Amino acid sequence: MTTAWTTYLYTTVSAGRVLSELQNVLYGNPAFDDPGGPTHSINFAGLANFSSDRKALDEEFGQIPMITVKPDELPPGVESKNRYANVIPLPETRVVLQTKEGADMTDEYINANYVKGPKSQEKLYIACQAPLQSTIEDFWRMVWQQQTKVILMLTALNENGVEKCADYLPQLEITDCHRLFGDFQVTLKKHEVREKYIISSLQLKNLETNLWREVTHLWYSSWPPQGVPDDGSAMIAFLIEARSYMRGAQGPTVVHCSPGTGRTGTVIAIDLCIRDFETIRTVDIPKTVYSLRRDRAGSVQTKDQYAFIYQVLNLYATKLTGGALDSI
């Protein structure tokens, strides 16, 4: 385990919230640096108190500006590739697929955005919607072109009788089972079941070039259809294990739920805040969520999701100080 995960530095940081008054600024432009954006820098001691004050959490969440994208900012003819008509990728950070010569103009489109990491590290993640049956090939093409090594899935295929994600994996019960999606063959090499999530080691083969790569798929399969998980420890374990597979990755980690906003933004925010704890021993959750929304509009959709970020970070801080985290 690295020192960053084991060393506890009790640093007192004055916690104060600066609420943004720039409501008409170009929030959708990730290149725009808004120094007056919402902020609440908090240390370990303050985190325990604030995370238990639900009224204050709800108030803070309500003061983080929402980001909206106009439908006319979409490329023409791609509407059928969106799972939800009101979930549209920001044009400034949208992932653009490489296409073959002579391909239809819509072939470059996928409902996905790059998301920055700590210290504005470019393209640490890709936040995207769950594939539709008609966009599974696009999804695997993105994974291949972006040299993605890790995929985090945060939704069931169906919830309350409604499809939330097309089945884009091989049968998880059969090793060496493979499926074909256009020019890509996906083969299951290994399958491990944890209490709350599933890890699948996949081989992704480009049939056009005959090259292949290893991809690790982590599926948090126990997120309830409504609300948030009741077990923050499992989410910490999920992200720590995911981090071990992300080491040395050249491309972004793909994260998706169904729309690619609520659960996706929540989990990315938790991961970003854990990374902040590693280096500065403080966390600024409203600032993190605001930055996320400027990369992927709609990130962190509900008050419960926002409170869950605080709860998991508080639990993480407690485990960190007690030396209870497993090695990554």
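Lysine 119 sits in the loop between strand S4 (109-115) and strand S5 (125-128). In this predicted model, lysine 119 has a positive phi of about 55 degrees although it is not a glycine. Most residues other than glycine have a negative phi. The residue is also exposed, with a relative accessible area of 81%.

Valine 300 makes a good companion to look at next. Its phi is positive too, at about 60 degrees, and it is not a glycine either. You will find valine 300 in the loop between helix H7 (285-293) and helix H8 (303-322). Is valine 300 buried or exposed? Valine 300 is buried, with a relative accessible area of 0%.

**The chain as a whole**

The chain holds 8 helices and 14 strands. Of its 328 residues, 53% are buried. Among contacts with a separation of 6 or more, 66% join residues 24 or more positions apart.

**Some residues in their places**

Here are a few positions you may like to find in the viewer, each with its element and its relative accessible area.

| Residue | Place | Relative accessible area |
|---|---|---|
| Lysine 81 | loop between helix H3 (54-62) and strand S3 (94-96) | 13%, buried |
| Asparagine 111 | strand S4 | 1%, buried |
| Proline 170 | loop between strand S8 (162-163) and strand S9 (178-181) | 3%, buried |

Start with lysine 81, which is buried because its relative accessible area of 13% falls under 20%. A polar atom of the lysine 81 side chain lies 3.0 Å from the backbone oxygen of threonine 106. Beyond its neighbours within four places in sequence, lysine 81 is in contact with Thr106, Asp107, Tyr109, Gln129, Leu132, Thr135 and Asp138.

Asparagine 111 is 30 residues from lysine 81 in sequence, and their C-alpha atoms are 7.4 Å apart in space. Which side chain makes a polar contact with the side chain of asparagine 111? That partner is arginine 296, at 2.9 Å. Setting aside residues up to four places away in sequence, asparagine 111 touches Asn82, Val87, Ile88, Pro89, Ala127, Cys128, Gln129 and Arg296.

Proline 170 brings another pairing across the sequence. Proline 170 and leucine 188 are 18 residues apart along the chain, with 6.1 Å between their C-alpha atoms. Outside the four places on either side of it in sequence, proline 170 contacts Cys177, His178, Arg179, Val186, Thr187, Leu188 and Leu202.

**Two nonpolar cores**

In soluble globular proteins, nonpolar side chains tend to be buried together. Here the largest nonpolar core has 54 residues, and Met235, Phe238, Ile270, Tyr306, Ile309 and Leu313 have the most contacts inside it. At least two residues of this core come from each of helix H2 (44-50), H3, S5, strand S6 (150-153), helix H5 (232-246), helix H6 (262-280), H7 and H8. H8 gives the most to this core, with 10 residues. Apart from this core lies another, of 31 residues, with Val95, Val186, Leu188 and Val215 among them.

Methionine 235 is worth a closer look. Not counting residues up to four places away in sequence, methionine 235 touches Tyr220, Trp223, Val267, Ile270 and Phe308.

**How H5 meets H8**

Two packed helices are described by the angle between their axes and the distance between the axes. The axes of H5 and H8 come within 9 Å and cross at roughly 75 degrees, which means that H5 is roughly perpendicular to H8. On the H5 side, the contact is made by Gly232, Ser233, Met235 and Ile236, while H8 brings Phe308, Val312, Leu315, Tyr316 and Lys319. By type, the residues of the contact of H5 with H8 divide into 6 nonpolar, 2 polar and 1 charged.

**Helix H7 and its surroundings**

Why is H7 described as largely enclosed by the rest of the structure? The reason is that 7 of its 9 residues are buried. The buried residues of H7 are Ile285, Pro286, Thr288, Val289, Tyr290, Leu292 and Arg293. They pack against strand S2 (39-42), H3, S4, H6, strand S14 (283-284) and H8.

The N-terminal end of H7 is capped by aspartate 284, with a side-chain oxygen of aspartate 284 lying 3.2 Å from the backbone nitrogen of lysine 287.

Methods. Residues are numbered from 1 along each chain as its sequence is written. This is a predicted model: local features need pLDDT of at least 70, side-chain atom pairs count only at pLDDT 80 or more; totals for chains, interfaces and linings use all residues. Side-chain values use heavy atoms; hydrogens and water are left out. Helices (H or I, at least four residues) and strands (E, at least two) are DSSP runs, numbered from the N terminus. Buried means under 20% relative accessible area, exposed over 50%, partly exposed in between (1.4 Å probe, protein chains only). A polar contact is a pair of N or O atoms within 3.5 Å; within protein, one must be able to donate a hydrogen and the other to accept it, and residues adjacent in sequence count only if both atoms are side-chain atoms. Contact means heavy atoms within 4.5 Å. A nonpolar core is a set of buried Ala, Val, Leu, Ile, Met, Phe, Trp, Tyr and Cys residues joined through side-chain atoms within 4.5 Å. Axes are lines fitted to C-alpha atoms, for helices over the stretch in contact, and angles run from 0 to 180 degrees between N-to-C directions. Angles under 35 degrees count as roughly parallel, over 145 as roughly antiparallel, 65 to 115 as roughly perpendicular and the rest as oblique. Ala, Val, Leu, Ile, Met, Phe, Trp, Tyr, Cys and Pro count as nonpolar, Asp, Glu, Lys and Arg as charged, and the others, Gly among them, as polar.
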